[in-house]
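This report describes side-chain contacts in one protein chain. Please keep the sequence and the structure in view while reading.

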Amino acid sequence: MSDTVPATPRWNLDRPFLTGRFHQEVKSSSSSQMQMTHPSKPLYQFDLTSRGNEKDIASFAVSVQEPFLIEDLLYALVGIEGRYISIKRIRGKEGYVVFQIDTSMDLALQELTSRIFPLCEGYVLVNHFVESRSYFKNGFVNHALAAAIRAFLLDYQAMVAQLEHQFRLGKLSSQGLWFFCQRMMSSMNALAVLVEKAITDNVSGSATLNLLESQVKAMAGDNAVRSLLERMTDCASAAYFKILERWVYEGVIDDPYGEFFISENKSLQKESLTEDYDAKYWEHRYKVKDGVPSFLRSVSHTILTTGKYLNVMRECGHHVQVPLSENSKLTSFGPNHECLERIKAAYDFASGELLTLIKNKYDLIGKLRSLKRYLLVDQGDFLVHFMDIAREELSKSPKEVSAEKLESLLDLALRMTAAASDPCHEELTCCVEKVSLQKTLATLKDLPGPVSGANDAIDDPELAELLNITGLETFSLSYKVQWPLSLVISRKALTKYQMIFRLLFHCKHVSRQLCTAWQLHQGFRACKILGTPISRSSILCRSMLKFINSLLHYLTFEVLEPNWHMMHDWLFTAKSIDEVIEFHDLFLHKCLKECLLLMPQLLKKVEKLKALCLRYATSSQVLIPSMNMLPERDTKLATTARIKQSQLKEQQLKLALENTVISDSIMKFENEFNVELQSLVPILSRNNSQSEPYLMHLAQCILGIRSDQ
């Protein structure tokens with residue numbers, strides 16, 4: 001409830017003479033004084049025999065008793081005590097009273113009176129509800145219901161006034177009074193039951209409407225009462241529909257009393273989408289509360305999303321309102337479903353406007369293509385140049401890497417390649433994480449795969465030794481995303497892009513290192529290396545290159561490209577921003593899963609193989625003798641240099657044959673690579689099923705390498 005709700009003035013509570021209860025209050029105070037004088041007498045019970053100036057009613061004939069009774073009943077019908085009818089207020093239940101008649105009166109008259117008393121008691125209870133629910137704190141719906149009941153009570157009081165007029169003319173008998181009261185009995189009883197439940201449950205807002213709805217259904221057999229309750233429901237819901245109308249047509253919650261079934265959490269800000277991985281802005285900024293009106297339950301989610309869409313556009317400074325007409329007013333939820341159709345039309349308008357705004361003005365598809373170009377390494381020329389100029393900095397440990405220097409080198413690489421023509425390249429930034437990819441995945445608790453096995457991979461001492469991480473393992477690109485694109489490309493989505501980028505980036509680094517080692521082997525092509533350690537190392541290097549390049553091919557062309565095109569097609573069929581978010585999240589989940597990032601056991605094996613390839617590439621530069629080619633400026637000198645180089649290579653090959661360290665090291669690398677590769681195949685075969693067909697493609701790549709070896 002809003003803090004700005006006005007308080008009920010004290011004088012409205014302290015001065016009962018301003019309300020219809022002053023008659024009972026006066027009697028109550030008299031009774032209190034009597035109770036102090038005669039403690040044995042019950043509270044609020046009036047002793048009719050104590051009236052010294054009044055003759056006992058039993059001393060009169062029945063024909064004389066009847067006018068006295070009718071006069072008292074006319075007072076009782078509006079909640080006022082008479083000479084022979086008293087009111088007993090029930091302790092602890094405000095508004096509940098019991099009418100009692102002098103027991104000395106004629107038994108037939110007493111019986112007739114007891115039939116009318118429920119109408120009198122119902123009036124007092126209903127009138128109490130009207131007065132108590134008219135306070136500010138009870139909300140618009142209760143105010144509207146109280147006003148509708150007050151209108152009914154005015155008709156009731158008019159009936160009592162007409163009966164009193166007939167009584168003054170001497171034309172009203174006790175039987176006539178009973179006859180005229182019967183028409184009001186069922187209506188007043190239905191209202192009394194309604195307000196009794198409302199008071200007991202202390203309902204307001206949606207709960208009041210649900211109570212009215214249930215009472216209408218309960219009175220299906222009485223058309224008059226049902227019509228009355230339907231009229232009360234229409235009046236009460238009119239106030240609720242005004243709140244609903246502002247939300248559905250403007251995206252504004254005008255709900256000072258907290259009656260609406262949608263709540264707003266103002267502590268959740270849109271900026272959290274780009275800062276917090278676990279941001280709940282879109283899901284929890286606006287939520288459906290408990291107690292949705294029964295007639296709106298089927299469209300509650302539609303109503304929620306309609307207002308959310310309008311809010312997003314307003315946050316963008318794009319003021320838009322659903323076009324209104326006389327036919328678009330939300331007045332009642334009748335059986336013809338007009339209200340449902342109007343809400344659906346408002347949803348379609350808001351959804352279409354927001355989708356058009358994000359796609360056209362904020363170029364969502366263009367931003368996603370840019371993410372694909374850079375974070376999914378679709379355009380690799382800038383990355384190759386960056387890896388060349390940032391090699392020294394990236395070779396340091398993550399704590400020693402200068403993020404500012406990398407940022408400068410990245411900007412230089414972007415400006416010197418084809419990426420310079422892309423206007424989105426300025427949104428690209430870089431960062432260096434402090435832990436390995438596996439540890440980062442383990443911290444993302446919402447991912448289904450890593451939770452069960454990632455910690456085992458992290459705690460593996462063998463893998464920890466292999467992953468002596470540098471900036472090359474922890475470097476990642478990032479992307480500046482503005483509102484409202486952050487709804488789709490949130491911090492969570494961007495983190496998933498970064499996980500894929502880190503895997504691709506490190507694979508490319510391994511490939512480059514193996515290419516350098518391969519170039520060393522190419523220096524011996526002209527020599528007879530068959531049967532030498534150089535020959536064996538050359539075959540191993542080629543196998544490792546095929547493995548890493550096959551892995552890159554699988555990741556790029558078997559996973560990312562097909563899934564991207566599938567998502568791209570889906571986005572053009574999306575009818576709402578929620579569908580766009582769903583398609584984008586599904587794309588990222590499929591990519592993470594098929595890139596093995598959600599499969600800790602497979603990822604662990606792949607990381608071991610990559611680490612082994614890196615160790616081999618580094619060792620080969622020491623183990624394999626390198627030959628520097630001299631520049632061929634002069635033909636005679638070049639020919640002489642080649643002859644000398646050939647002779648030198650022959651000598652180095654002889655030394656390599658005699659050097660058992662080179663032979664043993666190459667043999668060790670070869671055995672380790674084969675063992676790891678062979679251990680990967682059963683895992684792929686065991687997981688290869690119809691539910692995971694992508695593993696079949698990866699298995700074919702691995703099996704191809706084994707058969708080649």
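In this predicted model, the count of salt bridges comes to 22. Three of these pairs are set out below.

| Salt bridge | Closest N and O atoms |
|---|---|
| E393 and K396 | 3.2 Å |
| K590 and E594 | 3.3 Å |
| K610 and E607 | 3.1 Å |

The partners in these pairs may be described by their exposure. E393 is buried, at 4% relative accessibility, whereas K396 is partly exposed, with a relative accessible area of 31%. In the second pair, K590 is partly exposed at 24%, while E594 counts as buried at 9%. In the third pair, both K610 and E607 are buried.

Position along a helix can also be considered. K590 and E594 are four residues apart in helix α23, and they are therefore separated by about one helical turn. K610 and E607 both belong to helix α24, which covers residues 600–623. These two residues are three positions apart, again about one turn of the helix. Salt bridges can also join into a network, as they do among R246, E250 and D254.

E594 has a further neighbour to examine. Its C-alpha atom lies 8.4 Å from that of E692, although the two residues are 98 residues apart in sequence. E692 is located in the loop between α26 (660–687) and α27 (694–708). With a relative accessible area of 15%, E692 is buried, because the limit for a buried residue is under 20%.

Aromatic side chains form another group of contacts. The number of aromatic pairs is 22. One of them joins F260 and F261, whose ring centres are 4.9 Å apart. Their planes meet at 50°, so this pair is classed as tilted. F260 and F261 are both buried. Another pair, W564 with F587, is edge-to-face, with 6.2 Å from centre to centre and 70° between the planes. This pair links distant parts of the chain, 23 residues apart: W564 lies in helix α22 (residues 533–573) and F587 in helix α23 (residues 577–594). W564 is buried at 5% relative accessibility, and F587 is buried at 1%. In addition, F386, F475, F501 and F505 form one aromatic cluster.

Which charged residues sit over aromatic rings? R373 lies over the face of Y374, 5.9 Å from the ring centre. The charged end of K492 is placed over the ring of Y277, at 5.5 Å from its centre.

The cysteines may be considered next. How many disulfides does the structure hold? There are zero disulfides. For C507, the closest cysteine sulfur belongs to C595, and the separation of 9.3 Å is too far for a bond, because a disulfide requires sulfur atoms within 2.5 Å. C507 is buried, with a relative accessible area of 0%. C235, at 34% relative accessibility, is partly exposed.

Finally, the surface carries a nonpolar patch made of I389, L412 and M416. Together these residues have about 260 Å² of accessible area. L412 belongs to helix α16, which spans residues 403–415. Its relative accessible area is 39%, and L412 is therefore partly exposed.

Conventions. Residues are numbered from 1 along each chain as its sequence is written. This is a predicted model: local features need pLDDT of at least 70, side-chain atom pairs count only at pLDDT 80 or more; totals for chains, interfaces and linings use all residues. Side-chain values use heavy atoms; hydrogens and water are left out. Patches are made of residues with over 30% relative accessible area and no salt bridge: like charges are joined within 9 Å, nonpolar side chains (Val, Leu, Ile, Met, Phe, Trp, Tyr) within 5 Å. Accessible areas come from the Shrake-Rupley method with a 1.4 Å probe; for residues, only the protein chains shown count as cover. A salt bridge is a side-chain nitrogen of Lys or Arg within 4 Å of a carboxyl oxygen of Asp or Glu. Buried means under 20% relative accessible area, exposed over 50%, partly exposed in between (1.4 Å probe, protein chains only). Rings of Phe, Tyr and Trp (its six-membered ring) pair if their centres lie within 6.5 Å; planes under 30 degrees apart count as stacked, over 60 as edge-to-face and the rest as tilted. A charge sits over a ring if NZ of Lys or CZ of Arg is within 6 Å of the ring centre and within 35 degrees of the ring normal.
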